[in-house]
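Please load the model in your viewer and keep a selection prompt at hand. The stops below are meant to be followed in order, each with something to select and something to look for.

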Amino acid sequence: MASDDVRVRFAPSPTGYLHVGGARTALFNWLFARHHGGTFVLRIEDTDRSRHVSDSVAKITDDLRWLGLDWDEGPEVGGDAGPYFQSERLALYSEQTNRLLESGDAYFAMESPEELAAMRESAASEKRSLRYARPDPLPTVAEGLAARESGCGVTIRFKMPDRDIVVNDLVLGAVRIAQEELEDFVIQKSDGWPTYHFACVVDDALMRISHVLRGQEHLMNTPKHVALQAALGFSVPAYAHLPIIFNIDGSKMSKRDKEKALKKGLPPPEIDVHDFRAAGYLPEALLNFISLLGWNPGGDREEMTLDETAGLFSVDRIGSANAKFDRDKLVAFNTDWNARVSAERSLAGLKDFAAVNDAALLSLSDDALTYLLRVSQGFRTFRDIEGKASFLVTPDDAIEYDPKAVKKVLAKNDDAGYAMLESLLGPLEATGDWAPEPLEALLTGLCASNGIKLGAVAQPLRVAVTGSTVSPPIYDTLVILGKERSMNRIRRALELRRATA
RNA sequence: GGCCCCAUCGUCUAGAGGCCUAGGACACCGGCUUUUCAUGCCGGCAACACGGGUUCGACUCCCGUUGGGGUCACCA
């Protein structure tokens, strides 16, 4: 195919942050476009005003940018197939609705939502499925217009053709849906706005979308779309339905999982892209990980940059089985990415993490942050860095001592740790060059002459200076803190012990 | 429940009829390295859902069963 014929789109609804499943759909479309040198369109499907969440377009575009998925046409960037908000395309939809009304492929329907609900309910109680019964005779357009005029809520329904519909899916193959499974569905709501199905079909055609990559939950929508395209004389884009991503336990990855976890006192799982960002993940790792959910380049290849993935991407290699989102593997990917990314990239990532969380880390200089990153190599997420750095942003006289650490490292064996600190005071004070090497020489020398292990010196110091047993390597911890602050803290630890003794 | 989709280690997956004694990664277990946490290194455990065909030969093809999922709105 001619490469400039490839036009794909990502079409989220503005109902909140970008869901990780949506991100996967966006990613696959982006990869497909980039692989073929095509166009990636971002379209906002805001036809349900009641579900609209303010700011969510900005949230979604923000998340996409953070991921590094840029769009060629859409909000903020424009394009010649716009507007890219469905709410601004109402005239286009009614134009197409009228064509269908005129050709007799659509008709006005008078039932109220309540009537419909009652019909569904009684059908359900009789254990039979409800299929909308097409009125006979059909109301005329004039009657429909008159009913609408008089204030009755009327919808417009599409007259489903009297034949089976076959969806030719790039990953699933040919899927045939029997005619009797399909019913006349609503294409225009009583408020005059188009339904999703209609707006989607019209926009895909008008925006010259060549391929539709979307979640498998849309598979049963597709016959409706195909039928609509036939009636409107539109060409049918190529469809590829992507496997769905679930939680590791098989449940749906829902935004409600967060509330549920909170209620149980558990840490909320990351569900939206923004959650991963706030949790300290690198977008490179997230993208790499989700690109492998339902797709893989073949062989044993796993770690790839976005560009490499785009080069390798192929719809042929999209799987058809649903996948589970394994957070442990994501963490492992993230750890690897943290290790392979440049110092500059790492710093930018850490600062973004701090900014998004409005974290205390924000007060540290780039130099301090860079140092922290360097001495923390092996860290999994930026959250680890935050944990290891909290001692740095806490004032000397506000360090809280973890009781367990104090007991284990300082008070154990008759205050052996405290004794060690006492004996360290003098030599430390005498150290002129407060740098890792001299400090190392001092401590290891001390260990050698006293026949003790480094841990017996390093741990009491660590606890005294940070309040906990976890910190960067001890020499770096002391250096980054500085001599004065380190000494203050050691003295304070000793004083507090006297106070509690 | 009707319709539709799917089915290889716990998880993501490789596998396009003989390359399979089924490979990799994560997790897990054991060991090593290490001043803490985390890394890193070495080793191990672990799967073709089941039953029929087709074939000289089936993880690979067909059918069925079972299991999982999706969908049945004036939501998208």
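The tour begins with conventions and then goes from the RNA to the protein interior and the loops.

**Before selecting anything**

This is a predicted model, in which local features need pLDDT of at least 70 and side-chain atom pairs count only at pLDDT 80 or more, while totals for chains, interfaces and linings use all residues. Residues are numbered from 1 along each chain as its sequence is written, chains are lettered from A and ligands numbered from 1 in the order in which they are written, and side-chain values use heavy atoms, with hydrogens and water left out.

**Stop 1: the surface near RNA strand B**

Select RNA strand B and then the residues near it, where a residue is near a strand if one of its heavy atoms lies within 4 Å of it. There are 68 residues around RNA strand B, and Lys 189, Gly 378, Arg 380, Lys 388 and Arg 462 are the ones that come nearest. By class, the residues of this surface are 25 nonpolar, 21 polar and 22 charged; here Ala, Val, Leu, Ile, Met, Phe, Trp, Tyr, Cys and Pro count as nonpolar, Asp, Glu, Lys and Arg as charged, and the others, Gly among them, as polar.

Which part of the RNA faces the protein, sugar or phosphate on one side, or bases on the other? Of the strand B atoms within 4 Å of the protein, 72% belong to sugar or phosphate, and the rest belong to bases.

Now colour by secondary structure, taking helices (H or I, at least four residues) and strands (E, at least two) as DSSP runs numbered from the N terminus. Among the elements that each supply at least two residues of the surface near RNA strand B are helix 4 (113–125), strand 6 (173–177), helix 12 (327–340) and helix 18 (454–466). Helix 18 gives the most, with five residues.

**Stop 2: three side chains at the RNA**

Show Asn 296, Lys 329 and Lys 388 as sticks and look for polar contacts, that is, pairs of N or O atoms within 3.5 Å; within protein, one must be able to donate a hydrogen and the other to accept it, and residues adjacent in sequence count only if both atoms are side-chain atoms. A polar side-chain atom of Asn 296 is 2.6 Å from a sugar or linking oxygen of RNA strand B. The other two reach bases: an N or O atom in the side chain of Lys 329 lies 2.8 Å from a base nitrogen, and a polar side-chain atom of Lys 388 lies 2.5 Å from a base oxygen.

**Stop 3: Thr 466 and Thr 477**

Next, select Thr 466 in helix 18 and Thr 477 in helix 19. Thr 466 counts as buried because its relative accessibility is 9%, and Thr 477, at 0%, counts as buried as well; buried means under 20% relative accessible area, exposed over 50% and partly exposed in between (1.4 Å probe, protein chains only).

A polar atom of the Thr 466 side chain lies 2.7 Å from the backbone oxygen of Arg 462, and a polar atom of that side chain is 2.9 Å from the backbone oxygen of Ser 468. With contact meaning heavy atoms within 4.5 Å, and leaving out residues up to four places away in sequence, Thr 466 touches Phe 391, Ile 399, Ser 471 and Thr 477. Under that sequence limit, the contacts of Thr 477 include Phe 391, Arg 462, Val 465 and Thr 466.

**Stop 4: Lys 324**

Move to Lys 324 in strand 11, which at 47% relative accessibility counts as partly exposed. Its C-alpha atom is separated by 5.5 Å from that of Ile 245, although the two are 79 residues apart along the chain.

**Stop 5: loops and unusual backbone**

In the loop between helix 2 (56–67) and helix 3, select Pro 83, where the peptide bond from Gly 82 is cis, with omega near -5°. Glu 76 lies in the loop between helix 2 and helix 3 too, and has a positive phi of about 75° although it is not a glycine; at 58% relative accessibility, Glu 76 counts as exposed. Finish with Pro 137, in the loop between helix 4 and helix 5 (141–149), which a cis peptide bond joins to Asp 136, with omega about 5°.
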